[in-house]
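Trainee: Could you take me through one part of this model slowly? I'd like to see how a helix packing is described, and then what else is worth a look.

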Amino acid sequence: MSAIAVIAIFDIGKTNKKLFLFDENYKVVFEKSERFNEINDEDGDVCENLDSLRLFVFDSLCEAFRMKQFRIKAINFSTYGASLVYIDEGGKPLAPLYNYLKPYPSELSDQFYSKYEGKEKFSLKTASPILGSLNSGLQLYRLKTQKPQIFRKVKFALHLPQYLSFLLTGKSYSDITSIGCHTVFWDFEQNRYHEWVQREGVALKLPPITPSDSAHPVVFPGNNYKVGVGLHDSSAALIPYLVSFGDPFVLISTGTWCISLNPFNSSQLTQIELDNDCLSYLQYKGKPVKASRLFSGFEHEQQVARIAAYFNEDISKYRTVVFDAKFTKKIKNDESLPENQNGRGQPDFASEDLSTFKNDIEAYHQLITDLIDKQVVSTAQVLKGGSVKRIFVDGGFSKNRVYMHMLAAAFPEIEIYAASMAQASALGAALSIHHQWNPGAIPKDIIQLNYFSSRETITL
């Protein structure tokens, strides 16, 4: 029996590190997952264990190559963003992989923004809300300012996906999906690096940009597989939709954060959008994507625990609540944007007196109603000025029938679909270099859709 041709994808999250093998029909034929403990940087802040991550990549590949039933034709990477690896001339890391949640010195932040037009103008140009270490460009600026002896030794600063690719190819590249996502590196008005990158001497530390759909030979002689340059996981998760649907759509990617993504809206950010957690980033073809986000997944988790405790119910009950219209109020599809969107700060439902509800199911419906009210405002920011006729929802809330029915009621003029697929970020990384390894056409069934209305659900 001949070996199955596959692509190997490393999908690296903050918690789970995974290897997937996809066949030519993009079905998962093998997967492996590991967790390892974080370590501390020189300041005592937790950070990724870069040595463990490097060993995971090499050990997992060795295991995959030993499985004679598979023939690896390509490798790519999808990882979390806002994380830089600083390598020297020999390719060795010079510093820890600093956590993007590491506190950023306020005086250093103020110093930086005062040099470059102030926070408001700079944030608009770079489509980057002020997020401290989550702005990876500021991490590099911090290294230059506070650790100049290390900065001088840096050959290249690589975002994490590109570092993992470097381990196999020995080649250093920058990728637009990492550069263009709240990094403060990119000037969206000029469609190039912001002037600060040159003025601060940072440009010399950034390797050349290479297309996200490119792949390169490995450093090991005698091998004929290719390696992609790696992708930021948020951009990778959008790719299956981009290759499957040509008409304008919005994707609401749900998890801890609920992020509304419109790859057909390239309008410049306004100050009010930026203030309300809206941003732009670059997808794998280099086009801008308008995005807005809410902390809804976290809010849902916290408030479900409160409901379960008050009504003395098992928390697992709320995974399969049946939608009941009698518990819902009218949800208004109001596209007017308030001065301060309610996506941050104290959740509305947290102030509800649970004793006013007849039972836990009524309370749960009210929680979802409140979340949908805010989701409408958030998603409306990326819908403006377009002709979107479909909204796809993936992630945790796509399996929540109460949420999906209410979302359909909130957008009666738009088709609402719950979407599901195997490992969206990993699949996107595989699809991005499809032409580099796969002779077949991209299958039409990589995404499964369920259509929702306020009255009925139809399985497609």
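Mentor: Let's start with one pair of helices, then move on to a second pair and some single residues. Keep in mind that this is a predicted model.

Our part is helix H6, which covers residues 160–169. How many of its residues are buried? The count is 10 of 10, so H6 is mostly covered. The buried set is Leu160, Pro161, Gln162, Tyr163, Leu164, Ser165, Phe166, Leu167, Leu168 and Thr169. Just past the end of H6 comes glycine 170, with a positive phi of about 70°.

Now for a partner of H6. Two packed helices are described by the angle between their axes and the distance between the axes. Helix H1, residues 50–66, packs against H6 at an angle of about 50°, and the two axes are 11 Å apart. H1 and H6 are therefore oblique to each other. Their crossing is right-handed. Which residues make the contact? From H1 come Leu50, Leu53, Arg54, Val57, Phe58 and Leu61. H6 brings in Leu160, Tyr163, Leu164, Leu167 and Leu168. Sort the contact by class and you get 10 nonpolar residues, 1 charged and no polar ones. If the spacing of those numbers catches your eye, here's the background: an α-helix has 3.6 residues a turn, so residues three or four places apart point the same way.

For a second pair, look at helix H9 (residues 233–244) and helix H14 (residues 424–432). Their packing angle is about 70°, with the axes 7 Å apart. That makes H9 roughly perpendicular to H14. This crossing is left-handed. On the H9 side, the contact residues are Asp233, Ala236, Ala237, Ile239, Pro240 and Val243. H14 supplies Ala424, Ser425, Leu427, Gly428, Ala429, Leu431 and Ser432. By class, the contact of H9 with H14 has 9 nonpolar, 3 polar and 1 charged residues.

Next, some backbone angles. Most residues other than glycine have a negative phi. Glutamate 117 isn't a glycine, yet its phi is positive, about 75°. Glutamate 117 sits in the loop between helix H2 (106–115) and helix H3 (119–126). With a relative accessible area of 41%, glutamate 117 is partly exposed. Aspartate 277, also not a glycine, has a positive phi of about 65°. You'll find aspartate 277 in the loop between helix H10 (271–275) and strand S16 (278–282). Is aspartate 277 buried or exposed? Its relative accessibility is 4%, so aspartate 277 counts as buried.

One more loop residue: aspartate 348 lies between helix H11 (296–310) and helix H12 (360–383). At 32% relative accessible area, aspartate 348 is partly exposed. Its C-alpha atom is 8.6 Å from that of leucine 367, and the two residues are 19 apart along the chain.

Last, the cysteines. How many disulfides does the structure hold? It holds 0. Take cysteine 258: the closest cysteine sulfur belongs to cysteine 278, 15 Å away, which is too far for a bond. Cysteine 258 is also buried, with a relative accessible area of 0%. Cysteine 62, on the other hand, counts as partly exposed, at 43% relative accessibility.

Key: Residues numbered from 1 in each chain as written. Predicted model: local features only at pLDDT ≥ 70, side-chain atom pairs only at ≥ 80, totals over all residues. Heavy atoms only, no water. Axes fitted to C-alpha atoms, helices over the stretch in contact; angles between N-to-C directions. Helix = DSSP H or I, 4+ residues; strand = E, 2+ residues; numbered from the N terminus. Parallel < 35°, antiparallel > 145°, perpendicular 65-115°, else oblique. Left-handed = near helix turned anticlockwise from the far one by under 90°. Contact = heavy atoms within 4.5 Å. Nonpolar A, V, L, I, M, F, W, Y, C, P; charged D, E, K, R; others polar. Disulfide = S-S within 2.5 Å. Buried < 20%, exposed > 50% of the residue type's maximum accessible area, 1.4 Å probe, protein only.
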